[in-house]
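Here is a short briefing on one protein model. It covers the sheet, the helices packed on it, one serine and two pockets.

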Amino acid sequence: MKCNIALVKGDGIGPEIVDSAVEVLNAIGKKYGHEFSFTSYLAGGCSIDAYGVPLTQETIDGCKNSDSVLLGAVGGPKWDTLPGNIRPEKALLGLRAELGLFTNLRPAKIYDALKEACTLRPDIVDKGFDLVIVRELTGGIYFGERGRRDGKYGPEAYDTEAYSVMEIERIARVAFETAQKRRKNVVSIDKANVLETSRLWRETVHRIAAEYPDVEVSDMLVDNAAMQLVRDPSRFDVVLTSNMFGDILSDEASQITGSIGLLASSSLGSGKCGLYEPIHGSAPDIAGKGIANPIATILSASMMLRYSFNLSKEADSIDNAVNETLAAGIRTADIARGETPVSTSEMTKEIISRI
């Protein structure tokens with residue numbers, strides 16, 4: 001198979017971790033007879049420095065013309081004082097919208113070799129957990145009407161949340177179809193006791209659930225969900241939720257795994273082209289030091305093989321190599337607990353050696 005992959009390395013540690021994923025993909029290509037070609041594009045802070053905007057039409061066109069996109073991370077203190085419409089993070093929202101990517105899949109699981117790194121009580125950790133958050137990505141409050149105005153108490157700002165039935169239907173179907181391939185359980189997260197958008201969300205999810213009688217579905221208010229994720233994460237299989245709630249809950253889920261540096265994500269639409277990225281940030285404080293954990297980006301590349309290219313065997317090869325490397329006690333600094341940490345490049349080589 002020949003695949004053209006767009007690389008959006010971004011800022012901070014982004015270039016280092018994307019380079020690691022490229023090395024792994026090249027090793028997969030060599031072993032299984034695939035040809036991966038890579039074209040780099042700027043987005044985020046580096047694009048602001050070069051072009052004055054976080055996302056250029058060249059990058060949009062390049063990503064649209066690729067078979068899929070691998071992204072590192074964007075942003076950093078250097079650009080924190082810029083107006084909201086030209087902040088580095090606008091590049092992510094713009095790419096997702098331009099590529100029509102309405103689904104974000106964020107798996108979170110506890111690795112046996114890293115149980116000691118989990119901040120939860122041992123009796124909770126011993127139960128294990130393996131969940132995936134299905135987050136709606138292009139609707140809700142992040143894309144609603146916003147602005148500033150004179151209010152009752154003087155100047156005020158507002159952000160508006162709106163969801164259409166169509167947007168809820170399509171993300172609900174993704175969640176139910178994902179559950180059918182896992183443990184057949186969906187927990188739909190909302191705030192239906194307060195928000196009208198959540199009441200429409202709940203009504204629509206219940207109606208779509210009737211199309212999937214083999215999947216058990218339940219509702220949970222978002223404040224309770226935040227508590228249950230740390231109280232008993234093993235109860236969750238597939239978590240379905242809106243853009244803002246998913247943003248918050250997926251970061252909480254990442255923390256209880258022991259390291260945010262281990263978790264991948266995929267943003268998908270109706271076609272095969274997706275945007276794959278680690279869920280962590282650009283970590284400018286460690287950029288260029290060669291100590292960043294590349295595993296989340298490497299696992300993002302694995303998700304690309306699985307979801308965009310239908311190369312499950314190759315994706316399994318990467319996942320197994322990561323598991324074996326961790327089981328062998330190989331650690332980067334963020335997950336080391338007494339072990340001598342290895343560098344970004346050394347971790348990458350260890351994983352490749354087990355493919």
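Two residues are in contact when heavy atoms of theirs lie within 4.5 Å. The model is predicted. Its sheet is open and has 10 strands. The largest pocket holds about 1100 Å³ of space, and the second largest about 810 Å³.

**Sheet**
- The strand order is β2-β1-β3-β12-β11-β4-β5-β10-β8-β9, and the pairing is mixed.
- β2 (35–40) and β9 (216–221) are the edge strands, each pairing on one side only.
- On average, neighbouring strands of this sheet are turned by 25° against each other, direction ignored.
- β5 (residues 130–136) and β10 (residues 238–241) run parallel and are joined by four bridges.
- Within this pair, V134 stands opposite L240 in β10.

**Helices on the sheet**
- Helix α6 (residues 165–180) lies across β4 (103–109), β5, β8 (185–190), β9 and β10.
- The direction of α6 is at about 165° to β5.
- Helix α9 (residues 243–255) also packs on the sheet, where it touches β4, β5, β8 and β10.
- The direction of α9 makes about 155° with that of β5.

**S300**
- S300 sits in helix α10 (residues 295–307).
- Its relative accessible area is 0%, so S300 is buried.
- Beyond its neighbours within four places in sequence, S300 is in contact with L70, A264, S265, Y276, E277 and P278.

**Largest pocket**
- The lining has 33 residues, and those closest to the pocket centre are L105, P107, M303, R306 and Y307.
- Two or more lining residues come from each of β4, β5, α6, β11 (264–268), α10 and α11 (312–327).
- By class, the lining splits into 15 nonpolar, 10 polar and eight charged residues.

**Second largest pocket**
- Of the 34 residues that line the second largest pocket, E89, K90, L92, L93 and R96 are the closest to its centre.
- The elements giving two or more residues to this lining are β3 (68–73), α4 (90–98), α9 and β12 (275–278).
- With six residues, α4 gives the most to the lining.
- The lining of the second largest pocket has 14 nonpolar, nine polar and 11 charged residues.

Notes
Residues are numbered from 1 along each chain as its sequence is written. This is a predicted model: local features need pLDDT of at least 70, side-chain atom pairs count only at pLDDT 80 or more; totals for chains, interfaces and linings use all residues. Side-chain values use heavy atoms; hydrogens and water are left out. Two strands pair if DSSP finds at least two bridges between them. Axes are lines fitted to C-alpha atoms, for helices over the stretch in contact, and angles run from 0 to 180 degrees between N-to-C directions. Buried means under 20% relative accessible area, exposed over 50%, partly exposed in between (1.4 Å probe, protein chains only). On a 1 Å grid over the protein atoms alone, a cavity is a set of points where a 1.4 Å probe fits but cannot get out, and a pocket is an open set with protein on both sides within 12 Å along at least five of seven lines; lining residues have an atom within 4 Å of a point. Grid points are joined across faces, edges and corners, and a volume is the space filled by probe spheres set on the points. Ala, Val, Leu, Ile, Met, Phe, Trp, Tyr, Cys and Pro count as nonpolar, Asp, Glu, Lys and Arg as charged, and the others, Gly among them, as polar.
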